[in-house]
Amino acid sequence: MRRGSGLLSGGALRGGFALRRPPCVGHTDRVRLPRQRPIAPGADLTGVSVEDSIFTNALLTTARLTGADLACTDFRHANLTSANLTRADLVKAKLQYACLEHADLSGAKLEGADLTHTDLVRARLTEADLTAALLDQANLAHADLNDAMLDGADLATAHGLSVRQLLTAHITGDTELPNRLARDPRMSNRIKECEAASRPASR
């Protein structure tokens with residue numbers, strides 16, 4: 001390893017600083033980061049594997065995390081404004097109070113992720129899988145939910161949602177919607193459409 005550089009493998013980042021931490025069992029990819037240097041805006045972490053790592057309060061604006069393995073990673077209070085997270089694995093990630101405004105999460109895996117109080121204003125969630133995700137008090141104003149999977153997602157207290165957004169998403173009877181939207185007959189029709197499309201074709 002080069003002198004003056006740190007090795008982060010399943011590593012931690014507290015207050016924006018990389019900290020050395022033993023690699024997680026089963027991890028093969030390693031990410032080299034400058035020792036004790038803040039993660040800078042625009043950092044390129046494309047395709048990295050940092051599953052179950054700590055990125056609380058991290059500054060990752062405009063960062064490139066395309067296809068990264070970030071399952072179970074802690075991004076609480078992180079700033080990911082305009083970050084590229086397309087096809088990233090964020091299964092069961094902790095994203096409470098994170099800022100993902102204008103972030104691109106197209107095709108991202110967010111099953112079971114905790115997005116409580118997360119800022120998703122104008123985020124792109126096209127074809128993202130949010131199955132059973134928790135979006136308590138999340139702000140989804142103007143977010144692109146086209147073909148987003150929301151089966152079992154909890155959106156009951158989410159802010160900024162509109163009928164127009166949800167008519168492009170995949171919702172089912174298990175999707176928890178805000179009361180004002182759940183009562184809209186267009187939502188009932190959309191749920192029927194999505195559930196019918198999910199049923200196996202009869203022989």
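How many helices and strands are there in the chain? In this predicted model, the chain has three helices and four strands. The strands come before the helices along the sequence, in the pattern β-β-β-β-α-α-α.

Burial and contacts were computed for the chain as a whole. The chain has 203 residues, of which 47% count as buried. Its accessible surface is about 10200 Å². Carbon and sulfur atoms contribute 47% of that surface. Among contacts with a separation of 6 or more, 11% are made by residues 24 or more positions apart.

Aromatic pairing was searched across the whole structure. The search returns one aromatic pair. This pair is formed by Phe-55 and Phe-75, whose ring centres are 5.2 Å apart. Their planes meet at 25 degrees, under the 30 degrees set for stacking, so the pair is stacked. Both residues lie in the loop between β4 (31-34) and α1 (163-166). They are 20 residues apart in sequence, so the pair ties together separate parts of that loop. Phe-55 has a relative accessible area of 3% and is buried. Phe-75, at 1% relative accessibility, also counts as buried. Both values fall under the 20% cut-off for burial.

Helix α3 was examined in more detail. The helix covers residues 185-198, 14 residues in total. At 1.5 Å a residue, α3 should span 20 Å. The C-alpha atoms at its ends are 20 Å apart, which agrees with the expected span.

Four residues of α3 are named as buried: Met-187, Arg-190, Ile-191 and Cys-194. These residues cover an arc of only 105 degrees around the axis, so they sit on the same side of α3. The cover over the buried residues of α3 includes α1 and α2 (179-182). On the face of α3 turned away from the buried side are the exposed residues Pro-185 and Lys-192. Helix α3 thus presents a buried side with Arg-190 among its residues, and a face turned away from it that carries the exposed Lys-192.

A polar approach is found at the start of α3. There, a side-chain oxygen of Asp-184 comes to within 2.8 Å of the backbone nitrogen of Arg-186. Asp-184 precedes the helix, which begins at residue 185.

Note on methods: Residues numbered from 1 in each chain as written. Predicted model: local features only at pLDDT ≥ 70, side-chain atom pairs only at ≥ 80, totals over all residues. Heavy atoms only, no water. Phe/Tyr/Trp six-rings, centres within 6.5 Å; stacked < 30°, edge-to-face > 60°. Helix = DSSP H or I, 4+ residues; strand = E, 2+ residues; numbered from the N terminus. Buried < 20%, exposed > 50% of the residue type's maximum accessible area, 1.4 Å probe, protein only. Contact = heavy atoms within 4.5 Å. Areas by Shrake-Rupley, 256 points an atom, 1.4 Å probe, with all protein chains shown as cover. Expected span 1.5 Å × (residues − 1). Arc of directions from axis to C-beta. Polar contact = N/O pair within 3.5 Å; in protein donor to acceptor, adjacent residues only side chain to side chain.
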